[in-house]
Amino acid sequence: MDVKLDYVPTERQALFHASSADEVLYGGAAGGGKSRAIVMEALLRCLEHPGTQAYLFRRSLRELDDTLVPEALKALPSALFKYKATSHDMTLVNGSVLRFRHLSSAKDRLLYQGAEIHWLFIDELTHFSKESYDYLKTRLRASRHLKIRPVVRCTSNPGGPGHAWVKKYFVDRAQPGQVHLSKVNSQVLGRSQLRSIEFIPARATDNPHIGENYIFELEQKPRALRDALLLGKWDAFEGQAFPEYTDDPEHYADRRFTHVIRAFKLPESWPRYRSFDFGYSRPFSVGWWAVDYDGRVYRYREWYGGENNVGARVAPKEIARRIREMEEAANEKNMVGIADPSIWDASRGESVAEQMEKEGVFFFGGDNARLSGKMQLHERLKFDEEGLSGLYVFEGCRAFRQTIPSLTYDQTRCEDVDTAGEDHVYDETRYFLMERPVSPRPDKKKRAAYNPLS
């Protein structure tokens, strides 16, 4: 049966449909036609391959009914499908099925334990956790007689609780539009294969169906929200806790208007500090700092134990042993250690601090005042008139660079950082900054000269 779809993809949508990568994220600005693209991609694959199943996920059932389901219902002539609203299944005349599903919480992923997903589609990926994404990919399989290669296709705007892992997994791997290849080994099969990931950016201006009024409206938003929704920038989004943080490679050398800089040899006379936030099932973070003669602080080394907010499960003694080895190799002496006071908790036996002391690594208890610590980071991140900051990070400190700009505000404690995010680097940074607090810089705006006659 010949089927004619009333759909002319934009240039970016066409790139999304043409991608041969195993996993693709089509994301960025609002209004880029992402939901329509993901629905049409599901329909095209199911029409081309009879008897296959596409699963299309949103976070909630209401979001499905407001976006993906209406898009699919208006895309096909009614004679070519039957839609069952109670199950949210669209069965095509060739036996393929589009299953519209939601995943409200991480525990709901077990509802799909027995699913066989041929084509996996996720709309607004940053609303999902990395654990949920990884689990759904384990359901991606197909019988050999179908002669298909299952794939994953996702869309998303910047922001949301999963912003950090989505940016790291898709956006930061390669230049936009370039396919990132990685080798995956199988001990069971005794061979390896290449897996491919691609990020295709979307902007509101890419969509010719968007009216000018929408563009004008986006341009009136605050800078972070405007840059995220209009330009699709992943380093700026609504709710960002530290929007002033700047990572500009063009100024790594001159250190002007950037917090990330090129590494340099530190003078031995600069005081050195080590900050620590312990975690086992969650990541631990160790940061090494130096302070120059003007009081500026430099994060010159770090050790991050975990990935995607999952800990490396390293015991305290082993962490201490490795810390001692790194400091001895760098001939670092008189190191002042500062850590979360909770590591002295001995209610369940020998405390973390006591275990580390046996390996020769010592800490003082840091000030855990959350809002004061947050304000210290804000104050340090300020630039002066010459573009110099009170805090710098060597470009090799990847954990700081990835997690700090991705932190969001808590929805209930509106002045604090959301502790459900990957905040471990942030926490140990707070402990250090509270050890060397700075006062707010005075407002240097020129005051009008006093005129006694006015």
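This is a chat between a student and an author about a predicted model of one protein chain.

Reader: Hi! What should I know before I start?

Author: Hello! The model is predicted, so local features need pLDDT of at least 70, side-chain atom pairs count only at pLDDT 80 or more, and totals for chains, interfaces and linings use all residues. Residues are numbered from 1 along each chain as its sequence is written, and side-chain values use heavy atoms, with hydrogens and water left out.

Reader: Thanks! How many helices and strands does the chain have?

Author: The chain has 13 helices and 17 strands. Helices (H or I, at least four residues) and strands (E, at least two) are DSSP runs, numbered from the N terminus.

Reader: And what does the C-alpha trace span along its principal axes?

Author: About 80 × 75 × 40 Å.

Reader: What share of the residues is buried?

Author: Of the 454 residues in the chain, 49% are buried. Buried means under 20% relative accessible area, exposed means over 50%, and partly exposed is in between (1.4 Å probe, protein chains only).

Reader: Cool. Which residues have the most contacts inside the largest nonpolar core?

Author: Those are Phe242, Phe276, Met356, Leu391, Phe400 and Phe432, in a core of 52 residues. Strand 12 (residues 284-291) gives the most to this core, with 6 residues. There is also a second, separate core of 34 residues, which includes Tyr7, Ile38, Phe121 and Ile148. A nonpolar core here is a set of buried Ala, Val, Leu, Ile, Met, Phe, Trp, Tyr and Cys residues joined through side-chain atoms within 4.5 Å.

Reader: What does Phe432 touch?

Author: Leaving out residues up to four places away in sequence, Phe432 touches Tyr273, Ser275, Trp289, Val291, Val297 and Ile338. Contact means heavy atoms within 4.5 Å.

Reader: Let's switch to charges. How many salt bridges are there?

Author: The structure holds 32 salt bridges. Each is a side-chain nitrogen of Lys or Arg within 4 Å of a carboxyl oxygen of Asp or Glu.

Reader: Where do Lys130 and Asp134 lie?

Author: Both lie in helix 5 (residues 130-138), 4 residues apart, about one turn of the helix. They form a salt bridge, with the closest N and O atoms 2.8 Å apart. Lys130 is buried, at 11% relative accessible area, while Asp134 is partly exposed, at 30%.

Reader: And what about Lys168 and Glu307?

Author: Lys168 forms a salt bridge with Glu307, and their closest N and O atoms are 3.7 Å apart. Lys168 is in helix 6 (residues 163-171) and Glu307 is in strand 13 (residues 297-307), so the pair ties together parts that are 139 residues apart in sequence. Lys168 counts as partly exposed at 27% relative accessibility, and Glu307 counts as partly exposed at 46%.

Reader: Which residue does Asp247 pair with?

Author: Asp247 forms a salt bridge with Arg401, where the closest N and O atoms are 3.0 Å apart. This pair links distant parts of the chain, 154 residues apart: Asp247 is in the loop between helix 8 (223-231) and strand 10 (260-261), and Arg401 is in helix 12 (residues 398-403).

Reader: New topic: is Gln53 buried or exposed?

Author: Gln53 is buried, because its relative accessible area is 18%. Gln53 is found in strand 2 (residues 53-58), and its side chain makes a polar contact with the side chain of Arg99 (2.6 Å). A polar contact is a pair of N or O atoms within 3.5 Å; within protein, one must be able to donate a hydrogen and the other to accept it, and residues adjacent in sequence count only if both atoms are side-chain atoms.

Reader: Last one! What is notable about phi in Glu124?

Author: Phi of Glu124 is near 60°, a positive value in a residue other than glycine. Most residues other than glycine have a negative phi. Glu124 lies in the loop between strand 6 (119-123) and helix 5, and Glu124 is buried, with a relative accessible area of 13%. Phe257 also has a positive phi, of about 55°, although it is not a glycine. You will find Phe257 in the loop between helix 8 and strand 10, and Phe257 is partly exposed, at 43% relative accessible area.
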